[in-house]
Amino acid sequence: MKATLEYDRGTIVIRGDVHVPHAKYDSRSRCLRALAYKYRDIVDYLQRSGVEYEDNVINPIPSPYFEADFELRDYQEQTLQRWLEDKRGCVVLPTGSGKTYVAMAAISEVSAATLVVVPTLDLVDQWKEKLSVFGEEWIGEFTGRKKELKPITVATYDSAYVNAERLGNRFVLIVFDEVHHLPSEAYMQIAEMSAAPYRMGLTATYEREDGRHELLPDLVGGKIFELKPSDLAGKHLADYAIKRIYVPLTEEEKKAYERAARVFKEYVTKKGLKLRSVEDFHRIVMATGYDEKAYEALRSWDEARKIAFNSKNKLRKLRELLERHKNDKILIFTRHNDLVYRISKLFLIPAITYRTSKEERARVLEGFRSGKFRAIVSSQVLDEGIDVPDANVAIIMSGSGSAREYIQRLGRILRPSKGKERAILYELISRETSEVTTARRRRKGGGVAT
Amino acid sequence: MVALLPKELLDVRRYRGKLFPRFAGADDYDLAERVIKTFKAARGKKYGMVLKALRLLENAKNFRKVRGFARVLENYCVEKACAFGVDSELDPVEVRMFLFERGFVTSKKERDSVLKYAAKYFNTDVETIERAMYADREEELVVTRVDEITPATLIRLYNLSLLQTTVFSCLRLTFWTSSNHKEVFRAIKRLGLMYELYEDAGRMLVEVTGAASVLKMTRKYGTSMAKIIPYIIKAKNWWIKAEILENDRIYLMEIDDRHRDLFPEKEERIEYDSSLEEEFARKLTALGYEVVREPGVVKAGRFAFIPDFLVRKGKGEVYVEIVGFWTPEYIERKLEKVRLTDIPLVVVAREEFGRAEGVVTFSKRIPYNEVLREIRKRLPKESFEGEVVRIDGIGDLPPDYVKIGGYAIKKSVFERLRAEFQRQDPKTVEEARKILAKYGLGDSVLPSLGYQIVWKGLDRPELRKL
């Protein structure tokens, strides 16, 4: 009997008297079953061993031949050639270096149904706009607000995850933008439940703090090309300087900080805990369920951090910097939304947070581009993918210890543009608080020349 | 329908590989009441105030419940609205865009002058501009409506949310229900899940997984599994086992209908009347049978049955079981037991799971004709102790009886009657009835004897020979 391969809700069902790698017997439906992303391996195996089979797995969205010419920079061309060798793998290039064009050239080469997965709706819009060179009628989006299936479909990670079983066999090429998001427990199933034989990952920051980037070679293909911001600074990216400013807490804040920090420290010492990693910290969070002291300790820790992150003197310093850069285009980043709105109200600067509506966000960004607004203040959302070409000053009021967030915030001011001379990144850090360590953590492993 | 709790509010106890949701109970009544009061007191006030007030209710022990209650309550019966834009001309977005276009400012003087300018432009005062600027932020929203809800209802809704949230991290869900199979089964299909059936201690257990579950431990299907829960606990009897993956460890969570009172009342779940069981009871009652739902355990020798219905007609009793999930082997064993014990049991089963001898199967609707035939077969023969028995419907008669009119009459008796009619040759209805009365029979026998009653007026029947 001829073997048959079929796609079934994120898996490949294999019937017939064959054995294939990666598959297991499924007693529920009396067949062999494998995760969809092993499709390419399974087909390779069947072909190599000369087994006759019928393949009904991929049911691609009919697509035209995509014709578009791209003028790629030398490193972009190099990247593309490297990817074409196996049509799998991750590309690591700094923000502003034109990763999107590498992907678009790949789409043009493959010229078949393609799914582009991106983290935010803003990025969906940006990708759609760029992809429209292939012909607007072929571009669709699959998101919370619209569910279209077109030859080139742009989806958010969230929608692609929820609908992974449905999308898994409709595309030949799948592109993961900001691919470092992919190896999370949930999102990785977008890759696993897809049968797409060709895959590309894009990111400026391949490594994850939790080490899960080690899953990427299996899901998308390993790192095939990498450049750091310092490799491109001055030529393809704006030149930049980083200025770290240590700001003291006010006397009052200092007292409150020390009080709160002490409660936390005492708990940690008493329990004989060592805080070396995120996991250690997570253990305390877990303990709050049965340990009242843990709950108090955590609440104090949160309080202390907020004091350090949101200190009054930082606002004073911000005032100085704003005065100094009256004629520049400024992005201000914070850790918490509260501070975003405080800054927005105090200095009359437009704010963008995850709560900002799409229309308002578009208005703010357009206003920033046109020069109507000269600054934007945001919490985390601006980290990725909002295209703000001529921003040349970034001010980090507070942030997490994540190297990725740091690089991306820096990346926001590195896009080359006419008349941009030197970009400056300011980092405000509360002196003699744990923020100093947090700031050090994000610089380490960031690959940023300082 | 249900407010789901974020992971950090998942209030559970883990002990030796088992996981116990900390359901709210009588002890939490006060807390629930205080949360409700907090919202009610905030009607017409800012939501930010509610958040602050709720924070004051929290302590290390109850903070998950406080936040959980609040979330469920908000989802259920709290409405918030922007204070501006509704009853005023000021749109917060327009106000702030106006201000930003004149920003940014770096001194109080500059700021004041921009605000003043805006106040003039919008024809209001500086203070209103200041307030309107971010009046649409969640914290600035005004609580406009809080529906009536009792602490008991809030607790029940919260418990259902907690149970469903627990199942979010479920790898495999196993359950049993005594009824409501149709809805449960439909939900499983609709949600794209897969199931396997197996028997345990005479019950059919349903094991729910997803397509990829055989290949990797995945929590992807947890959300869908959580959506089946309300259908399961709607049944009269149920049992649920969830295998839950948390921090690289698999915990077991088990719960059954003994905890029914923790959860919302039936009518707050899903409407009941459409169910197969309800329809069955209604139909049979209409046909003149007495129907007892869930008559309890029926013991027969070493076997026990838990039938869905007891159908009674006169002195006769037949049990009926509607089987939700089954395999041919399961049905075969069940029928074997029935044969061995002589229990009058009719088995009705959904045909999605196969076909089986001796079972009434159906796909969409129960074929009542067929079911009635099976019931009658099992009803004891009408007691034909007399020579003449009043009967209704079509039953099987002993061979020496004939069915005439509404009676079963012993053949020899009928012959005697016919002879007597020939002999006496009655001319009036009264005369005919006199003879019939001797045999305990009524008018409906007359046509078989060759007579007919013809009504000339309302009260003057005539007897006519055919």
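Let's start where the two chains meet: between chain B and chain A there are 10 salt bridges. Keep in mind that this is a predicted model. One pair to pull up is Glu101(B) with Lys372(A), which form a salt bridge with their closest N and O atoms 3.7 Å apart.

How much area is buried between chain B and chain A? About 4,500 Å², with carbon and sulfur atoms giving 52% of it. Within chain B's share, Phe104(B), Leu215(B) and Lys220(B) stand out: more than any other three residues, they supply area that chain B buries against chain A, 19% of it. If you'd rather count residues, 49 from chain B are in contact with 53 from chain A.

Helices take part in that meeting of chains too. Look at helix H15 of chain A, residues 358–370, and helix H4 of chain B, residues 92–101: their axes come within 12 Å and cross at roughly 10°. Angles under 35 degrees count as roughly parallel, so H15(A) is roughly parallel to H4(B). On the H15(A) side the contact is made by Glu360(A), Arg363(A) and Val364(A), and on the H4(B) side by Val93(B), Glu94(B), Arg96(B) and Met97(B). Sort the residues of this contact by class and you get three nonpolar, no polar and four charged.

Now move inside chain B, to helix H3, residues 63–77. What angle do the axes of helix H1 (residues 29–41) and H3 of chain B cross at? Roughly 50°, and they come within 10 Å. That angle makes H1(B) oblique to H3(B), and the crossing is right-handed. From H1(B), the residues in play are Leu31(B), Ala32(B), Val35(B), Ile36(B) and Phe39(B); they meet Lys65(B), Val66(B), Phe69(B), Ala70(B), Leu73(B) and Glu74(B) of H3(B). Here the class split is nine nonpolar, no polar and two charged.

H3(B) has another partner to look at, helix H2 of chain B, residues 47–57. The axes of H2(B) and H3(B) come within 10 Å and cross at roughly 145°. H2(B) brings Tyr47(B), Leu54(B), Arg55(B) and Leu57(B) to this contact, while H3(B) brings Val66(B), Arg67(B), Ala70(B) and Glu74(B). Those residues divide into five nonpolar, no polar and three charged. Val66(B), for one, shows up in the contact with H1(B) and again in the contact with H2(B).

Finally, back to salt bridges. Over all chains, a search of the whole structure finds 57 of them. One lies within chain B: Arg22(B) with Asp11(B), whose closest N and O atoms are 3.0 Å apart. Why does this pair tie together parts that are 11 residues apart in sequence? Because Arg22(B) sits in the loop between strand E2 (18–21) and H1 of chain B, whereas Asp11(B) belongs to the segment before strand E1 (12–15) of chain B.

Technical notes:
Residues numbered from 1 in each chain as written. Chains lettered and ligands numbered in written order. Predicted model: local features only at pLDDT ≥ 70, side-chain atom pairs only at ≥ 80, totals over all residues. Heavy atoms only, no water. Axes fitted to C-alpha atoms, helices over the stretch in contact; angles between N-to-C directions. Helix = DSSP H or I, 4+ residues; strand = E, 2+ residues; numbered from the N terminus. Parallel < 35°, antiparallel > 145°, perpendicular 65-115°, else oblique. Left-handed = near helix turned anticlockwise from the far one by under 90°. Contact = heavy atoms within 4.5 Å. Nonpolar A, V, L, I, M, F, W, Y, C, P; charged D, E, K, R; others polar. Buried area = accessible area lost by both parts, 1.4 Å probe. Salt bridge = Lys/Arg side-chain N within 4 Å of Asp/Glu carboxyl O.
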